Amino acid sequence: MAEPILIVEDLQKSYGDNHAVRGVSFRVARGEIFGLLGPNGAGKTTTISMLTGLFPPDAGAVTVDGLDLKTQLTAVKAKLGLVPQDLALYPPLSARQNLTFFGQIYGLKGKQLANRVKEVLEMIGLTDKADKAVETYSGGMKRRVNIGAALIHKPDVIIMDEPTVGIDPQSRRHILDNVKELNRQGMTVLYTTHYMEEAQEISDRIAIMDQGKV
């Protein structure tokens, strides 16, 4: 395996008597698509939430490109792009305005920001609808903007948590092709899904997760 960019070691999380994640460990190589495959309730989203710093693990460690999540959280977050399962957008704003907003959060501004927004709109195939309010978009188009927001700062690793759930086949195809193209451009992808055919199509390696364990 190539040099790992993401190392997850013995990650654990419980909610009372519910042991959601039970000692999960895996490594993601730089430049690969790593699939995390498992049914609903397997603990995939809880794992993602911990390794992106949304809430702390009860035990275990996460390292991203040599940085420790626990002690270097801000630096780690700058290296990650997260596509959450639920849409994280502002519906009254257009795709361009949403991407501009998230770009500003990551410190982009001026011409650099405008150019990056343009690049991402082309990447997600929404240039022609860039100035329409997101609330007027189809579910698949909203998902694409959600992905764009995670890409705006050119992260080293993009983490996608079931990005094709509940969308039409055409949008699903577009997202899977996007993932493969991003990877061809050198991006490392951690992709969670409960669709076996998706994991098989796009992943270089797969970890199967069930009942909180790999």
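Which residue in β7 stands opposite L82? The exercises below work from this question outwards.

The structure is a predicted model, in which local features need pLDDT of at least 70, side-chain atom pairs count only at pLDDT 80 or more, and totals for chains, interfaces and linings use all residues. Residues are numbered from 1 along each chain as its sequence is written, and side-chain values use heavy atoms, with hydrogens and water left out.

**Exercise 1. Find the partner of L82 and place its strand in the sheet.**

Step 1. The residue opposite L82 is I159 in β7. Strands here are DSSP runs of E with at least two residues, and helices are runs of H or I with at least four, numbered from the N terminus.

Step 2. β6 and β7 (residues 157-161) run parallel and are joined by 4 bridges. Two strands pair if DSSP finds at least two bridges between them.

Step 3. The order β6-β7-β8-β3-β9 describes an open sheet of 5 strands with parallel pairing. β6 (80-83) and β9 (205-208) each have a single partner strand, so one side of each lacks a neighbour in the sheet. From one strand to the next, the twist averages 15 degrees.

Step 4. Helix α5 (residues 139-151) lies across β6 and β7 and runs at about 165 degrees to β6. Angles run from 0 to 180 degrees between N-to-C directions, and axes are lines fitted to C-alpha atoms, for helices over the stretch in contact.

**Exercise 2. Decide whether N146 is buried or exposed, and list its contacts.**

Step 1. N146 belongs to helix α5.

Step 2. Its relative accessible area is 2%, so N146 is buried. The cut-offs are under 20% for buried, over 50% for exposed and partly exposed in between (1.4 Å probe, protein chains only).

Step 3. With neighbours within four places in sequence left aside, N146 is in contact with V83, P84, D86, L87, A88 and L89. Contact means heavy atoms within 4.5 Å.

**Exercise 3. Describe how α3 packs against α4 and against α5.**

Step 1. Two packed helices are described by the angle between their axes and the distance between the axes.

Step 2. Helix α3 (residues 95-105) and helix α4 (residues 110-123) pack at about 130 degrees, their axes 10 Å apart. α3 is therefore oblique to α4. Angles under 35 degrees count as roughly parallel, over 145 as roughly antiparallel, 65 to 115 as roughly perpendicular and the rest as oblique.

Step 3. On the α3 side, A95, R96, L99, T100, G103 and Q104 meet L113, V117, V120 and L121 in α4. This contact divides into 6 nonpolar, 3 polar and 1 charged residues. Ala, Val, Leu, Ile, Met, Phe, Trp, Tyr, Cys and Pro count as nonpolar, Asp, Glu, Lys and Arg as charged, and the others, Gly among them, as polar.

Step 4. The axes of α3 and α5 come within 9 Å and cross at roughly 25 degrees, so these helices are roughly parallel to each other. A95, N98, L99 and F102 of α3 make the contact with V145, G148 and A149 of α5. By class, there are 5 nonpolar, 2 polar and no charged residues.

**Exercise 4. Trace the antiparallel sheet and its helix.**

Step 1. An open sheet of 4 strands has the order β2-β1-β4-β5 and antiparallel pairing. β2 (18-29) and β5 (67-68) are the edge strands, each pairing on one side only.

Step 2. Strand β1 (residues 4-15) is joined to β2 by 9 bridges, and I7 stands opposite R27 in β2.

Step 3. Helix α1 (residues 44-51) packs on the sheet and touches β1, β2 and β4 (59-64), making about 115 degrees with the direction of β1.
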